[in-house]
Amino acid sequence: MKRSRTLRLVLVGSTPLLLAGCEPSRPGYLYRDPASCIAAGVFDRAVCEHEFELARAAHLQSAPRYRWRADCEADFGVGRCEPAPYDTGLYMPPMAGYLVGREPPREEQAGGSGGSAGGGSARRTFVSQPLYRSRDDAEHFRSADNLRVGSREGLIHVDADATRSPTPSIVSRGGFGRSAARLSSFGG
């Protein structure tokens with residue numbers, strides 16, 4: 001009896017430690033492209049285009065890289081891979097969408113400069129991220145770290161891990177949508 005009471009105390013005492021490592025989800029806005037962002041009417045054209053460019057820059061730095069086009073196409077589909085930038089000899093998938101890391105402008109400030117690309121009242125919650133769709137899970141958008149983000153455009157709540165820019169690395173053959181293995185660091 002004493003042993004089970006001690007075990008309960010240990011389990012109850014460890015709960016805060018387990019919860020301390022968990023970050024809550026963050027709100028974000030998922031769009032295929034700037035046109036779908038603009039059409040949604042949450043952000044103005046300048047913000048939609050600016051956030052797309054931020055995501056595009058992150059894509060060029062952190063997209064999954066493959067040594068062989070065939071390996072990339074096995075994960076993303078035939079004709080769905082392109083040479084990685086900077087003449088590295090690697091291949092990567094194209095962006096399928098992007099995750100906007102801003103809050104929309106407040107109603108009372110929407111008529112002013114609040115929705116501009118420079119900031120205004122549209123507070124940044126995380127750096128906008130590129131999203132991908134793998135061949136074996138085409139329904140969901142995924143982060144560059146292969147974390148499932150969402151399946152529909154608009155406001156979503158995303159795990160905080162999916163809002164962090166990944167370290168560039170080379171993906172081994174097959175399985176981005178399931179469980180791709182990462183190898184060494186990019187360029188190595």
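**Exercise 1. Helix 4 and its end**

Which residue just after helix 4 takes a positive phi? Then describe how helix 4 is covered.

*Solution.*
Step 1. The residue is G77, with a phi of about 110°. The model is predicted: local features need pLDDT of at least 70, side-chain atom pairs count only at pLDDT 80 or more, and totals for chains, interfaces and linings use all residues. Residues are numbered from 1 along each chain as its sequence is written, and side-chain values use heavy atoms, with hydrogens and water left out.

Step 2. Fix the element. Helices (H or I, at least four residues) and strands (E, at least two) are DSSP runs numbered from the N terminus. Helix 4 spans residues 69-76.

Step 3. Check burial. Buried means under 20% relative accessible area, exposed over 50%, and partly exposed in between, with a 1.4 Å probe and protein chains only. Six of the eight residues of helix 4 are buried. They are D71, C72, E73, A74, D75 and F76.

Step 4. Find the packing partners. The buried residues of helix 4 pack against strand 3 (91-92), strand 5 (129-134) and strand 9 (169-171).

**Exercise 2. The acidic residue E73**

Which side chain of opposite charge is nearest to E73? Then list what else surrounds E73.

*Solution.*
Step 1. Place the residue. E73 lies in helix 4.

Step 2. Look for a charge partner. Lys and Arg count as positive and Asp and Glu as negative; His and the chain ends are not counted. The nearest side chain of opposite charge is R69, 4.2 Å away.

Step 3. Apply the cut-off. A salt bridge needs a side-chain nitrogen of Lys or Arg within 4 Å of a carboxyl oxygen of Asp or Glu. E73 is buried yet has no salt bridge.

Step 4. Turn to the backbone. The nitrogen of G79 lies 3.1 Å from a polar atom of the E73 side chain.

Step 5. List contacts (heavy atoms within 4.5 Å). Leaving aside neighbours within four places in sequence, E73 touches V78, G79, R80, C81 and R135.

**Exercise 3. The disulfides**

How many disulfides does a search of the whole structure find? Give the pairing and the handedness.

*Solution.*
Step 1. Count pairs of cysteine sulfur atoms within 2.5 Å. The search finds two disulfides.

Step 2. Take C37 and C48. Their S to S distance is 2.1 Å. With -70° about the S-S bond, this link is left-handed. C37 lies in helix 2 (residues 34-40) and C48 in helix 3 (residues 45-62), so the pair ties together parts eleven residues apart in sequence. C37 and C48 are buried.

Step 3. Take C72 and C81. Their S to S distance is 2.0 Å. The angle about the S-S bond is -90°, and the link is left-handed. Both cysteines, C72 and C81, are buried.

Step 4. Number the bonded cysteines in sequence order. The pairing is 1-2, 3-4.

**Exercise 4. Strand 6 and the loop after it**

Which side chain makes a polar contact with the side chain of D137? Then examine N146.

*Solution.*
Step 1. Place D137. It is found in strand 6 (residues 137-142). D137 is buried, at a relative accessible area of 11%.

Step 2. Find its partners. Beyond neighbours within four places in sequence, D137 is in contact with R142 and R148.

Step 3. Test for a polar contact: a pair of N or O atoms within 3.5 Å; within protein, one must be able to donate a hydrogen and the other to accept it, and residues adjacent in sequence count only if both atoms are side-chain atoms. The side chain of R148 qualifies, at 3.3 Å. The C-alpha atoms of D137 and R148 are separated by 9.5 Å.

Step 4. Move to N146. It sits in the loop between strand 6 and strand 7 (148-150). N146 has a positive phi of about 70° although it is not a glycine. Most residues other than glycine have a negative phi. N146 counts as buried, at 13% relative accessibility.
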